[in-house]
Amino acid sequence: MSKNTVKVVRDTFLTDCTFGKVFVNDTYICDTLEDFVREIPGKPTAEWKIKGYTAIPVGTYKLTLSMSNRFGKILPE
């Protein structure tokens, strides 16, 4: 099984949202739109994360592909 690398590069930070780009194996795939980044380096996530209002913390995450009942196709989660 081959291992792919998915990277999200955040490049535009506004007061209410964050824009970025998704790359798979260094190939550009699409743009992103996320909630506002309010991460405070060195502080525990629980001190600044507001579910549904702030972008996910910077880090490395395991990505799983599964069938979306809502969209009827395989999507990452």
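This briefing walks through a predicted model of one protein chain, from overall layout down to single residues. The chain has 5 strands and 0 helices (both are DSSP runs numbered from the N terminus, with helices being H or I of at least four residues and strands being E of at least two). Residue numbers start from 1 along each chain as its sequence is written, and side-chain values use heavy atoms, with hydrogens and water left out. As this is a predicted model, local features need pLDDT of at least 70 and side-chain atom pairs count only at pLDDT 80 or more, while totals for chains, interfaces and linings use all residues.

**The chain as a whole**

- Going along the sequence, you read the pattern β-β-β-β-β.
- Along the principal axes, the C-alpha atoms fill a box of roughly 35 × 30 × 20 Å.
- The chain has 77 residues, and 16% of them count as buried (buried is under 20% relative accessible area, exposed is over 50%, and partly exposed is in between, using a 1.4 Å probe and protein chains only).
- Accessible surface adds up to about 6,600 Å², with 58% of that belonging to carbon and sulfur atoms (areas come from the Shrake-Rupley method with a 1.4 Å probe, and for residues only the protein chains shown count as cover).
- Take the contacts between residues at least 6 apart in sequence: 9% of them join residues at least 24 apart (contact means heavy atoms within 4.5 Å).

**Strands β1, β2 and β3**

- Strand β1 covers residues 6-13 and strand β2 covers residues 18-24; the two run antiparallel and are joined by 7 bridges (strands pair if DSSP finds at least two bridges between them).
- The link from β1 to β2 is a hairpin through 4 residues.
- Two of the pairings here are Val 6 with Val 24 and Val 9 with Lys 21.
- β2 also runs antiparallel to strand β3 (residues 27-34), again with 7 bridges.
- On that side, Lys 21 stands opposite Asp 31 in β3, so Lys 21 has a bridge partner in β1 as well as one in β3.
- In general, side chains in a regular strand alternate between the two faces of the sheet.

**The β2-β3 turn**

- This hairpin has 2 residues between its strands.
- Asn 25 sits in the loop between β2 and β3, and its phi is near 50°, a positive value in a residue other than glycine.
- Asn 25 has 39% relative accessibility, so it counts as partly exposed.
- Asp 26 is in the loop between β2 and β3 too, with a positive phi near 70°, and this residue is not glycine either.
- Asp 26 counts as exposed because its relative accessible area is 72%.

**Glu 34, a buried acid**

- Glu 34 belongs to strand β3 and is buried because its relative accessible area is 18%.
- Its side chain makes a polar contact of 2.8 Å with the side chain of Arg 10 (a polar contact is a pair of N or O atoms within 3.5 Å; within protein, one must be able to donate a hydrogen and the other to accept it, and residues adjacent in sequence count only if both atoms are side-chain atoms).
- Leaving out residues up to four places away in sequence, Glu 34 touches Val 8, Arg 10, Cys 17, Thr 18, Ala 55 and Ile 56.

**Strand β4 and its surroundings**

- Leu 65 is found in strand β4, which covers residues 65-67, and this leucine is exposed because its relative accessibility is 60%.
- Leu 65 is part of a nonpolar surface patch with Val 6, Leu 63, Met 67 and Ile 74, and together they have about 510 Å² of accessible area.
- For such patches, residues need over 30% relative accessible area and no salt bridge, with like charges joined within 9 Å and nonpolar side chains (Val, Leu, Ile, Met, Phe, Trp, Tyr) within 5 Å; a salt bridge is a side-chain nitrogen of Lys or Arg within 4 Å of a carboxyl oxygen of Asp or Glu.
- Ser 66 is in β4 as well, and at 22% relative accessibility this serine is partly exposed.
- The side chains of Ser 66 and Glu 77 are joined by a polar contact of 2.3 Å.
- Not counting residues up to four places away in sequence, Ser 66 touches Lys 73, Ile 74, Leu 75 and Glu 77.
- Ser 66 and Pro 76 are 10 residues apart along the chain, and their C-alpha atoms are separated by 6.4 Å.
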